[in-house]
Amino acid sequence: MSIGKVVTTENNEINQDGAFVRQTNRFDTPFGNEPGLLPVESGRYRLIWAAICPWAHRQMIAIKLLGLEDVISVGKVSPIRTPHGWEFSLDPNGVDPVLGIRYLPEIYAKTDPEYSGRATVPTVVDVKTGKVVNNDYFRLTNYWETVFKPFHKAGAPDLYPEHLRTEIDELNDVIFHEVNNGVYKAGFARTQKAYEDAYHLVFNQLDKLEQRLSQSRYLFGDKITDSDIRLYVTLARFDVAYYSAFNTNRNRIIDYPNLWGYARDLYQIPAFGDTTDFDAIKKGYFLGNNAHNPYDILPLGPDTSNWKTPHNRDKQFSSVN
């Protein structure tokens, strides 16, 4: 089955040194209220996500924290990516009820017949035109946090406070390159050197974050910010998938006292925990066309019930709250 020129594997994202270089985002027009920007409207957009994907997961966390569930329509693909791309097999008849498609690449090909990258999640579709308008996973949460503020629920947290934006942006850049995408650089490496470089990059940064989180409950004090969402999605996937599937096996997150307590602290907030599907995460990384697992063996462990155990970080940092 061919869907336009859209590709469905990361094979074209490996450079001559055997290192993984993630594709850039093709649809990156910002949301805003100025000419040339994507209009900020309730009910106009449909967000497509997969429970496996950290970039997509953080959209759902932000949307739930901010109360945008009735503003942004949500569609969900199977966590197991097929040879034809992300599939709407979770829906009746295997078709998204709003977009009327079976595979996500279909709407990319409709939007731009010359598009030759991967069809990625998260994807934002304008339901008025039936076309992809944004797949800029790096900035997408910032739009929900800022220009969509008129639609936030009462009492919604300020995840991107103006006085911290420069610091948040700087930390987000580090988290992305050295943690979020760092594990993929290790997992998709095609040479020993590329793998080892990524391995050390990940754990050097996790060591720094472990120290940082010994000083404050969250990354910027006692309030959750956009940076916490970005770090959390990798921590949630680390022990159940990355540790073994991506060979990032120096330490588990459970071996870091502060990172582990911090991760459980966030998980026990409904917007984080209710959107974290450990079973889907394992299936997504260990099964399917991109898992390098020819016999489709799904690991039984680890036990994830410990994510509900007391973290005590509220008490630990009560003096600064």
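Colleague: What makes the space of about 40 Å³ in this model a cavity?

Modeller: The model is predicted. Its largest cavity has a volume of about 40 Å³. The space is called a cavity because a 1.4 Å probe fits there but cannot get out. At a threshold of 30 Å³ or more, the count is 1 cavity.

Colleague: Which residues line the largest cavity, and how do they divide by class?

Modeller: Val7, Thr8, Arg81, Gly85, Trp86, Pro105, Arg118 and Ala119 line it. That gives 4 nonpolar, 2 polar and 2 charged residues. Gly counts as polar here.

Colleague: Why is the space of about 530 Å³ called a pocket?

Modeller: About 530 Å³ lies in the largest pocket. Of its 34 lining residues, the closest to the centre are Glu10, Tyr184, Phe188, Tyr285 and Asn290. Helix 1 (54-66), helix 5 (182-187) and helix 10 (278-286) each give two or more residues to the lining. The name is pocket because the set of points is open, with protein on both sides within 12 Å along at least five of seven lines. Its lining has 19 nonpolar, 11 polar and 4 charged residues.

Colleague: How do you know that the chain agrees with a compact globule?

Modeller: For 321 residues, such a globule would have a radius of gyration near 20 Å; the chain has 19 Å, so the two agree. The C-alpha trace spans about 55 × 50 × 35 Å along its principal axes.

Colleague: What share of the residues is buried?

Modeller: Buried residues are 55% of the 321. They are called buried because their relative accessible area is under 20%.

Technical notes: Residues numbered from 1 in each chain as written. Predicted model: local features only at pLDDT ≥ 70, side-chain atom pairs only at ≥ 80, totals over all residues. Heavy atoms only, no water. 1 Å grid on protein atoms, 1.4 Å probe; cavity = no way out; pocket = protein on both sides within 12 Å on 5 of 7 lines; lining within 4 Å. Points joined across faces, edges and corners; volume = space filled by probe spheres on them. Helix = DSSP H or I, 4+ residues; strand = E, 2+ residues; numbered from the N terminus. Rg over C-alpha atoms; globule rule 2.2 N^0.38 Å. Buried < 20%, exposed > 50% of the residue type's maximum accessible area, 1.4 Å probe, protein only.
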